[in-house]
Amino acid sequence: MAAYAVVVRDGQLLLARSPGPGGVPEWVLPGGGTEHGEDPYDTVRREVEEETGHLVEVTRLLGVHSTRRTFPARFGRTVDHHGIRLLYEARVIGGELRDEIGGTTELAAWQPLDAVPGLVRVRLVDIALRLWREHPPTGRAQP
């Protein structure tokens, strides 16, 4: 399980850049895996601070994104992975923008919302923005 933040301020979206597959960097939402026993609400606040330097207040749960994929594994066995991602809307209440040191991301930046479609990004960014814009009552972005 993981929790991610959609933080929009002055027409810009807060993103982090992660080294992607094959070494091609891709933009991601600030967020990540929930530690054992950690509430996802606390996860998203911790992860945003770790990856961007900003302190945030969660303002609403936007929705839940569920994925299921099969990955090849060592020793001839495959792994059936089911990922649950909670997507929260949040606003900055403190801290200063900075890059993460020694973590999973290498750069934090505010990106103009209208520039996001042109960025190399993970699919979850688009899903989250759709939830943020549409606020579907089910909390699920339709394809």
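Residues count as buried under 20% relative accessible area, as exposed over 50%, and as partly exposed in between. These terms are used in the legends below for a predicted model.

**View A. Positive phi at His135, in the segment after H2****.** With a relative accessibility of 35%, His135 falls between the two cut-offs and therefore counts as partly exposed. The residue is found in the segment that follows H2. Its phi is near 45°, a positive value in a residue other than glycine. Most residues other than glycine have a negative phi.

**View B. Positive phi at Asp10, in the loop between E1 and E2****.** For Asp10, phi is near 50°, which is again a positive value in a residue other than glycine. The loop that holds Asp10 runs between E1 and E2. Asp10 has a relative accessible area of 74% and is therefore exposed.

**View C. The contact of Ser18 with Thr104****.** Ser18 belongs to strand E2, which spans residues 12-19. Its relative accessibility is 15%, so Ser18 counts as buried. From this position the side chain of Ser18 reaches the backbone oxygen of Thr104 at a distance of 3.2 Å. Thr104 itself is placed in the loop between E6 and strand E7 (107-112). In contrast to the buried Ser18, Thr104 is exposed, with a relative accessible area of 57%. Thr104 also stands 7.9 Å from Pro19, C-alpha to C-alpha, although 85 residues separate the two in sequence.

**View D. The aromatic pair of Tyr41 and Tyr88****.** The structure holds 1 aromatic pair. The ring centres of Tyr41 and Tyr88 are 6.5 Å apart and the ring planes stand at 85°, so the pair is edge-to-face. Distant parts of the chain are linked here: Tyr41 lies in helix H1 (residues 40-52) and Tyr88 in strand E6 (residues 78-95), 47 residues apart. The two partners fall into separate accessibility classes. Tyr41, at 33% relative accessibility, counts as partly exposed, whereas Tyr88, at 9%, counts as buried.

**View E. Salt bridges of Arg46****.** One partner of Arg46 is Glu35, with the closest N and O atoms 3.7 Å apart. Arg46 lies in helix H1 and Glu35 in the loop between E4 and H1, so this salt bridge ties together parts that are 11 residues apart in sequence. The side chain of Arg46 also meets that of Glu47 in a salt bridge, at 3.1 Å from N to O. The two glutamates are not alike in accessibility: Glu35 is partly exposed, with a relative accessible area of 46%, but Glu47 is buried, with 8%.

**View F. The salt bridge between Arg68 and Asp80****.** A search of the whole structure finds 11 salt bridges. In the one shown here, the closest N and O atoms of Arg68 and Asp80 are 2.4 Å apart. Arg68 in strand E5 and Asp80 in strand E6 are 12 residues apart, and the pair links distant parts of the chain. Arg68 is exposed, with a relative accessible area of 63%, while Asp80, at 47% relative accessibility, counts as partly exposed. Elsewhere in the structure, salt bridges that share partners join Glu35, Glu38, Arg46, Glu47 and Glu50 into one network.

**View G. The largest pocket and its lining****.** The volume of the largest pocket is about 570 Å³. Its lining consists of 26 residues, and those that lie nearest the centre are Tyr4, Val28, Arg85, Val122 and Leu124. Two or more lining residues are given by each of strand E1 (2-9), strand E3 (25-28), strand E4 (31-33), H1, strand E5 (54-72), E6 and helix H2 (123-134). The largest share of the lining, 5 residues, comes from E6. Sorted by class, the lining has 10 nonpolar, 10 polar and 6 charged residues.

Notes: Residues are numbered from 1 along each chain as its sequence is written. This is a predicted model: local features need pLDDT of at least 70, side-chain atom pairs count only at pLDDT 80 or more; totals for chains, interfaces and linings use all residues. Side-chain values use heavy atoms; hydrogens and water are left out. Rings of Phe, Tyr and Trp (its six-membered ring) pair if their centres lie within 6.5 Å; planes under 30 degrees apart count as stacked, over 60 as edge-to-face and the rest as tilted. Helices (H or I, at least four residues) and strands (E, at least two) are DSSP runs, numbered from the N terminus. Buried means under 20% relative accessible area, exposed over 50%, partly exposed in between (1.4 Å probe, protein chains only). On a 1 Å grid over the protein atoms alone, a cavity is a set of points where a 1.4 Å probe fits but cannot get out, and a pocket is an open set with protein on both sides within 12 Å along at least five of seven lines; lining residues have an atom within 4 Å of a point. Grid points are joined across faces, edges and corners, and a volume is the space filled by probe spheres set on the points. Ala, Val, Leu, Ile, Met, Phe, Trp, Tyr, Cys and Pro count as nonpolar, Asp, Glu, Lys and Arg as charged, and the others, Gly among them, as polar. A salt bridge is a side-chain nitrogen of Lys or Arg within 4 Å of a carboxyl oxygen of Asp or Glu. A polar contact is a pair of N or O atoms within 3.5 Å; within protein, one must be able to donate a hydrogen and the other to accept it, and residues adjacent in sequence count only if both atoms are side-chain atoms.
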